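Colleague: I should like to learn how to read a structure such as this one. May we go through it together?

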Amino acid sequence: MGIMVLIPSYNVAPTIAYVVSTAAKGLKEYFPDQDNLILVSDGGSTNGTVEVVKSLKIKDVEVRVERYKGIPGKGSAILYGLEMAVNGGYDAVIMLDSDLRSVEPWWIRLLGEAAGSYGLVTPLYVRDKHDGTITKTLAYPTIKSVFGADVRQPIGGDFGISSTLAKVLLERKEEFAPDVYRFGIDFFITSTAVAEDMRIARADLGSKIHSPKDPGKHLKGMFFDVSRTVIRAILKYWRKAKSRRGVSTDLLKWRYSWRCPQHVEVDIKANINRFITEYREKRRLLRELLGGYTDEIDIVVDRLKRGLPEAFPDDLWAKLFFKLAVEFRREMEKSTEALYILWLGKVASYLQDSADLDIEGAEKRVEGIVRAFKENLRLLTALD
Ligand SMILES: Nc1nc2c(ncn2[C@@H]2O[C@H](COP(=O)(O)OP(=O)(O)OP(=O)(O)O)[C@@H](O)[C@H]2O)c(=O)[nH]1
Ligand SMILES: [Mg+2]
């Protein structure tokens, strides 16, 4: 059959034409003589996105733009496309973000390996030390420690999904609702592929250059979607994941890749103050859920104020996260609210520590978080 390139879009008129035409080039060059399709799955854009796609004159590859129904969000757009791909008999689905500037035709070649040897191809990018803070502190440490899979970008967005995985995802999506319809979709995909024993690859895509966002403004909603999905995946897949530790992932490379991470500017002081303010407001909630740990969190606040290194120790972060993951079964709303506040503190501490580090140095800090997660896995035996 062929490959479907699936592009979720919402108000991306300035960037969508480039992504669609690059995907078309990649399909024509690397997967010729097949019935390929580019599906733009739009969430009701009001800035002319749909009109831009319709105006493109692309030859030899079918391009469609459709409006999905249901809960607004990236996940709804993706699940709509997966359903169409399964019904249409496509061999694989390649997801591409619609705000990408750095996508190249050969990305299609590497991600398209999901039509052959792999259940899931995940992206691997060089990212700024300040970028991807949900990945660094939560998604990556979890996939590497709890699931034992070395997938550095488990929520990277640009995936290659085999038809076998697509079917499993559609069967299981409701168990991850409602966050799976929003930004929980990526971790749902990765954790399900690992739990189902699929072969996983990492594709070295170079750099991800896309529309910048103000982390302070946009990350809160995304954090709730992703963190709840990470916890749901731990609760659902804990037993399978335990027996799956040590899943190896192949590295797929192209002849070249661009290494120019997109710069992300952060205001460290503002991050610290935000955490302290939120913590003071919600201290009672944290005491209720985490009991004696509030004394240790008070020390974190003090160390952050004084600009001391490792103000929020990795070990404490891992313990608190696992405790809240277990608590999630009883108190979902409260435990994610508490986790959000603690995460603000962990990010502030990470930003302070990595201020003078280069990307490699910061990467070592991230591996420290992974180690702490591994050392505290016993806290999850409460789920046995
Ligand atoms: N259809 C649809 N697409 C969406 C929606 N929200 C986001 N998207 C698309 O999902 C993709 C990823 O969204 P972004 O907002 O770029 O998020 P991101 O790049 O993963 O996140 P950051 O790394 O924080 O910038 C883009 O293609 C968006 O256009 C939505 O509500 N509906
Ligand atoms: Mg983006």
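Modeller: The following turns discuss a ligand shell and two residues of this predicted model.

Colleague: Let us begin with the ligand. Which residues come nearest to ligand 1?

Modeller: One starts with the residues around the molecule. Ligand 1 has 19 of them, and Pro8, Tyr10, Gly43, Ala77 and Ser98 come nearest. Two or more residues of this shell are given by each of β1 (3–9), β2 (37–42) and α3 (74–88).

Colleague: How many residues of the shell around ligand 1 are nonpolar, polar and charged?

Modeller: The shell around ligand 1 holds 6 nonpolar, 8 polar and 5 charged residues.

Colleague: I turn now to Gly89. Does one call Gly89 buried or exposed, and why?

Modeller: The general idea is to count neighbours: a residue is exposed if 12 or fewer other C-beta atoms lie within 10 Å of its own. Gly89 has 10 C-beta neighbours inside 10 Å and therefore counts as exposed. Gly89 belongs to the loop between α3 and β4 (92–95). The C-alpha atoms of Gly89 and Met1 lie 6.8 Å apart, although 88 residues separate the two in sequence.

Colleague: Where is Val126 found, and which residues does Val126 touch?

Modeller: Val126 is part of strand β5, residues 120–126. Leaving aside residues up to four places away in sequence, Val126 touches Gly206, Ser207, Arg259, Pro261 and Ile359. From Val126 to Trp258, 132 residues apart along the chain, the C-alpha separation is 8.9 Å.

Colleague: Why does Val126 count as partly exposed?

Modeller: Val126 is placed in that class because it has 18 C-beta neighbours inside 10 Å, whereas a buried residue needs 20 or more.

Note on methods: Residues numbered from 1 in each chain as written. Chains lettered and ligands numbered in written order. Predicted model: local features only at pLDDT ≥ 70, side-chain atom pairs only at ≥ 80, totals over all residues. Near = placed C-beta within 6 Å. Helix = DSSP H or I, 4+ residues; strand = E, 2+ residues; numbered from the N terminus. Nonpolar A, V, L, I, M, F, W, Y, C, P; charged D, E, K, R; others polar. Contact = placed C-beta atoms within 7 Å.
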